[in-house]
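These are my notes from going through one model, entry by entry. I began with the cysteines and then moved on to helices, charges, rings and strands.

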Amino acid sequence: LIGDGNASKRHSPFYCGPDKELIEEFERHLQIFGDVEVRRKVRLFNGLMITYFPKAVADILSSIMRIRFTHPDSLPKDIFDAPLECKVAGIRAFIDDEGCVSSNFCVDQKSKLIISQFRQLLNSVGIECEKIGRNKTTGVYKLYIFKTSYKAFLETVNLTHIKKREKLMKLIKMSVFRTEQKIINQIQYKVLGLLTEKC
């Protein structure tokens with residue numbers, strides 16, 4: 001809900017996105033509250049899926065976690081003292097929504113406090129990040145995960161978002177290949193140096 005959801009006072013709360021696997025996972029998680037009725041719609045012009053759910057669920061979550069879902073300004077404080085599996089689930093959900101995997105791996109967020117707290121949360125499970133940057137044009141904050149933490153992220157957190165997970169796996173393979181190629185080049189350079197000395 002902090003990512004691609006909304007729970008304003010005047011409208012039915014919803015979660016939306018183009019990825020069916022994330023919508024289905026969200027609907028499964030709602031069943032923690034019992035037999036929760038959901039209503040799914042698909043926007044014809046862009047294929048975006050929206051799943052609506054009872055307002056009572058959003059109100060309970062907001063009260064228990066002491067956060068707001070309309071223009072959220074912080075992560076739930078309890079998540080920082082939660083067991084590892086809860087932290088991991090929170091990180092996975094947030095990056096499934098707000099993460100970007102292209103030539104690098106980063107998270108976008110409008111709130112500076114949320115992105116700072118998320119960095120702290122990642123560090124608490126052993127995932128190292130660079131300093132937080134800001135796009136001067138959009139005002140959006142970016143948090144880049146160090147390449148040396150990609151494999152640890154995949155092993156510890158993983159992703160539900162299939163395409164993002166596949167892209168991250170490719171980045172890891174490319175990084176391994178480049179490291180191996182660098183070692184091979186160093187060995188070749190040393191061997192060439194030894195041969196040159198003997199000649």
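**Entry 1: cysteines.** I took a disulfide to be a pair of cysteine sulfur atoms within 2.5 Å. The model is a predicted one. By that cut-off I counted zero disulfides. I then looked up how accessible two of the cysteines are. C86 has a relative accessibility of 40% and counts as partly exposed. C129 comes out at 5%, so I noted C129 as buried.

**Entry 2: helix α1.** Which residues of helix α1 are buried? Helix α1 covers residues 20-30, and I listed L22, I23, E25, F26, E27 and L30 as its buried residues. Next I asked what covers the buried residues of α1. The cover includes three strands, β2 (14-17), β3 (39-42) and β4 (49-52). It also includes the helices α2 (55-65) and α3 (84-98).

**Entry 3: salt bridges.** I searched the whole structure and found six salt bridges. As background, side chains of opposite charge can pair when their charged atoms come close. I wrote down three of the bridges in detail.

The pair E24 and K20 has its closest N and O atoms 3.8 Å apart. Both belong to helix α1 and sit four residues apart, so about one helical turn separates them. An α-helix has 3.6 residues a turn, so residues three or four places apart point the same way. For accessibility I noted E24 at 29%, which is partly exposed. K20 is also listed as partly exposed, at 46%.

E27 has R40 as a salt-bridge partner, with 2.7 Å between the closest N and O atoms. This pair links distant parts of the chain, since E27 is in helix α1 and R40 is in strand β3, 13 residues apart. The relative accessibility of E27 is 12%, and E27 therefore counts as buried. R40, at 35%, counts as partly exposed.

The third pair I recorded is K142 with D108, where N and O are 2.9 Å apart. K142 belongs to strand β8 (residues 141-144) and D108 to strand β6 (residues 105-109), and the pair links distant parts of the chain, 34 residues apart. K142 is partly exposed at 23%. D108 is partly exposed, with a value of 23%.

**Entry 4: rings.** How many aromatic pairs are there? My count came to six aromatic pairs. For F94 and F118 the ring centres are 4.6 Å apart and the planes are at 40°, so I entered the pair as tilted. F94 lies in helix α3 and F118 in helix α4 (residues 112-124), so the pair ties together parts that are 24 residues apart in sequence. Buried or exposed? I found F94 and F118 both buried.

I also found a cluster in which ring pairs link Y15, F26 and F53. F26 had already appeared in my list of buried residues of α1.

A charge over a ring came up as well. R39 lies over the face of Y52, and its distance from the ring centre is 4.6 Å.

**Entry 5: strands.** I checked how β4 pairs with other strands. β2 and β4 pair in the antiparallel sense, over four bridges. Within that region, G17 has M49 in β4 as its bridge partner. β3 and β4 also pair in the antiparallel sense, over four bridges. There R39 has Y52 in β4 as its bridge partner. I note that R39 and Y52 were also the charge and ring of the previous entry.

β3 and β4 form a hairpin, and six residues lie between them. In the turn, G47 has a positive phi of about 75°.

**Entry 6: L159.** Where is L159 placed? I located L159 in the loop between α5 (150-156) and α6 (162-198). Its relative accessibility is 3%, so L159 counts as buried. I then looked for its contacts, leaving out residues up to four places away in sequence. L159 touches R92, I95, D96, F153, K164, R165 and L168. For I95 I took the separation too: L159 and I95 are 64 residues apart in sequence and 7.7 Å apart in space, C-alpha to C-alpha.

Definitions and conventions: Residues numbered from 1 in each chain as written. Predicted model: local features only at pLDDT ≥ 70, side-chain atom pairs only at ≥ 80, totals over all residues. Heavy atoms only, no water. Buried < 20%, exposed > 50% of the residue type's maximum accessible area, 1.4 Å probe, protein only. Helix = DSSP H or I, 4+ residues; strand = E, 2+ residues; numbered from the N terminus. Contact = heavy atoms within 4.5 Å. Salt bridge = Lys/Arg side-chain N within 4 Å of Asp/Glu carboxyl O. Phe/Tyr/Trp six-rings, centres within 6.5 Å; stacked < 30°, edge-to-face > 60°. Lys NZ or Arg CZ within 6 Å of the ring centre and 35° of its normal. Pairing = 2+ DSSP bridges.
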